[in-house]
Amino acid sequence: MENQGRGPGPRSEDAAGTPPGTAEDPPAGRVPQPQPQPQPLPYEGVWRFTASAVDASVPQARHAVRDLLHRQGVPASDDLVQGLLLIVSELVTNAVRHAALLSPVLAVEVAVGAEWVRVSVEDSHPYRPTALETDHGRTGGRGLLLVREIAREAGGVCDVEHTASGGKVIWAALPLKPAGNS
């Protein structure tokens, strides 16, 4: 897997945790002073890996994510890490099985914020999958349903979005609960 580097984490809040547009206005006549921005935690960031859409990429992606979380010192419980690794396995497997013809390369992204971890898999295939209902007579086709259930049980969310290039990205974001605080 090729590591595409590290960048700032996607955040819908400012560094202090305040949603955009909710900061208090300064009293009349006072010029607002710039506030020092807190430094990101050592484990915060965004990492992106690319891989071929082949079966061997499933365990490679899982191991790369596991090693990244460990190397960065992300304070995640074992249950959270196992859930994230299962999500990565399911999403990469789906990309390999269903998108490889139109997308010979896929991307795995891990974004870690102060209070969340987001994993996503992007491919170039335009088909947007939906979570299938449980059908006990089928032996497959429930990967996205499993991903949604893992995310829900952890208090997180998942979704499928189109990319600007016509492909899709499927992601799951889980709250980061340090080990021992689960």
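The following exchange covers how the labels on this predicted model are justified.

User: What makes up the secondary structure of the protein, and in which pattern?

Analyst: There are three helices and six strands in the protein. Along the sequence they follow the pattern β-β-α-α-β-β-α-β-β. Of the 182 residues, 40% are buried.

User: Why is strand 3 called largely enclosed?

Analyst: Strand 3 covers residues 105-112, and seven of its eight residues are buried, so the rest of the structure largely encloses it.

User: How do you know that strand 2 and strand 3 pair?

Analyst: Pairing needs at least two bridges, and eight join strand 2 (residues 45-52) to strand 3. The two strands therefore count as paired, and they run antiparallel. Within this pairing, Phe 49 stands opposite Val 108 in strand 3.

User: What makes strand 3 and strand 4 a pair, and how many residues lie between them?

Analyst: Six bridges connect strand 3 with strand 4 (residues 116-123) in the antiparallel sense, against a requirement of at least two. Val 110 stands opposite Val 119 in strand 4. Three residues lie between the two strands, which form a hairpin.

User: Why is the contact between Glu 109 and Arg 48 called a salt bridge?

Analyst: The cut-off is a side-chain nitrogen of Lys or Arg within 4 Å of a carboxyl oxygen of Asp or Glu. The side chains of Glu 109 and Arg 48 meet at 3.3 Å, N to O, so the pair qualifies. Glu 109 belongs to strand 3 and Arg 48 to strand 2, so this salt bridge ties together parts that are 61 residues apart in sequence.

User: Is Glu 109 buried or exposed, and what about Arg 48?

Analyst: Buried means under 20% relative accessible area, and Glu 109 has 18%, so Glu 109 is buried. Arg 48 has 26% and is therefore partly exposed.

User: How many salt bridges does the structure hold, and which residues of helix 3 form one?

Analyst: The structure holds five. One of them joins the side chains of Glu 149 and Arg 152 at 2.3 Å, N to O. These two residues are three apart in helix 3 (residues 143-153), which means that about one helical turn separates them.

User: Why do Glu 149 and Arg 152 get unlike exposure labels?

Analyst: Exposed means over 50% relative accessible area. Arg 152 has 52%, so Arg 152 is exposed, whereas Glu 149, with 31%, is partly exposed. Elsewhere, salt bridges with shared partners join Arg 48, Glu 109 and Glu 122 into one network.

User: What makes Arg 66 and Asp 67 a salt bridge, and how are they labelled for exposure?

Analyst: Their side chains meet at 3.0 Å, N to O, which is set against the limit of 4 Å. Arg 66 has a relative accessible area of 37% and is partly exposed; Asp 67, at 36%, is also partly exposed.

User: Why is helix 1 called roughly antiparallel to helix 2?

Analyst: Helix 1 (residues 57-72) packs against helix 2 (residues 78-99) at an angle of about 150°, with the axes 9 Å apart. Angles over 145 degrees count as roughly antiparallel, so helix 1 is given that label relative to helix 2. Helix 1 passes helix 2 in a right-handed crossing.

User: Which residues meet where helix 1 and helix 2 pack?

Analyst: From helix 1 they include Val 58, Ala 61, Val 65 and Leu 69, and from helix 2 they include Val 81, Leu 84, Leu 85 and Val 88.

Conventions. Residues numbered from 1 in each chain as written. Predicted model: local features only at pLDDT ≥ 70, side-chain atom pairs only at ≥ 80, totals over all residues. Heavy atoms only, no water. Buried < 20%, exposed > 50% of the residue type's maximum accessible area, 1.4 Å probe, protein only. Helix = DSSP H or I, 4+ residues; strand = E, 2+ residues; numbered from the N terminus. Axes fitted to C-alpha atoms, helices over the stretch in contact; angles between N-to-C directions. Parallel < 35°, antiparallel > 145°, perpendicular 65-115°, else oblique. Left-handed = near helix turned anticlockwise from the far one by under 90°. Contact = heavy atoms within 4.5 Å.
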